[in-house]
Amino acid sequence: MTSDPELLQGLKTQSEKAIYEVYTSFYPAVEKYILVNSGSAQDAEDIFQDTVMVLLNYIAKDGFTLTASIKTFVFAIARRLWLKQLRYRSKTETLLEIEV
């Protein structure tokens, strides 16, 4: 596994190797979290893809400084996105129940 500074530099240049390493290193933990928390394998794939996009956007910002490990940062993004998705689903289900 590449060190965090090397991986961060690779992500700044959107290196395919760095992005692949993010997927292979961090996806299993995110997938497990989502599956355990009312999600499906498809949900995990969608959330992780969104997570990588958010990660790349953060890294591209001027003055971005990573204060935690990349693994922690990736998991925090994925967790936030998943909780947001669960809140959205809950509101949608409530609206559907009201309409019925």
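Trainee: Does Lys91 count as buried or exposed, and at what relative accessibility?
Mentor: Good place to start, and keep in mind that this is a predicted model. Lys91 sits in helix H4, residues 70-99. The cut-off for exposed is over 50% relative accessible area. Lys91 therefore counts as exposed, at 59%.

Trainee: Which residues form the positive surface patch?
Mentor: Lys91, the exposed residue we just discussed, is one of them. The patch is formed by Arg80, Lys84, Arg87 and Lys91.

Trainee: How far apart are the closest N and O atoms of Arg89 and Asp43?
Mentor: Happy to walk through that pair. The count comes to one salt bridge. It links distant parts of the chain, with Arg89 in helix H4 and Asp43 in helix H3 (residues 41-60), 46 residues apart. In the salt bridge between Arg89 and Asp43, the closest N and O atoms are apart by 2.6 Å.

Trainee: Is Asp43 buried or exposed?
Mentor: Take its partner Arg89 as well: with a relative accessible area of 26%, Arg89 is partly exposed. Buried means under 20%. At 12% relative accessibility, Asp43 therefore counts as buried.

Trainee: Within what arc do the buried residues of H1 fall, seen down its axis?
Mentor: Helix H1 covers residues 4-12, and its buried residues are Leu7, Leu8, Gly10 and Leu11. These residues line one face of the helix, because they fall within an arc of 160 degrees.

Trainee: Which residue just after H1 takes a positive phi?
Mentor: On the other side of H1 from that buried face, Pro5 and Glu6 are exposed. Just past the helix, a positive phi of about 55 degrees is taken by Gln14.

Terms used. Residues are numbered from 1 along each chain as its sequence is written. This is a predicted model: local features need pLDDT of at least 70, side-chain atom pairs count only at pLDDT 80 or more; totals for chains, interfaces and linings use all residues. Side-chain values use heavy atoms; hydrogens and water are left out. Buried means under 20% relative accessible area, exposed over 50%, partly exposed in between (1.4 Å probe, protein chains only). Helices (H or I, at least four residues) and strands (E, at least two) are DSSP runs, numbered from the N terminus. The arc is that of the directions from the helix axis to the C-beta atoms. Patches are made of residues with over 30% relative accessible area and no salt bridge: like charges are joined within 9 Å, nonpolar side chains (Val, Leu, Ile, Met, Phe, Trp, Tyr) within 5 Å. Accessible areas come from the Shrake-Rupley method with a 1.4 Å probe; for residues, only the protein chains shown count as cover. A salt bridge is a side-chain nitrogen of Lys or Arg within 4 Å of a carboxyl oxygen of Asp or Glu. Lys and Arg count as positive and Asp and Glu as negative; His and the chain ends are not counted. The place of a charge is taken as NZ of Lys, CZ of Arg, CG of Asp or CD of Glu.
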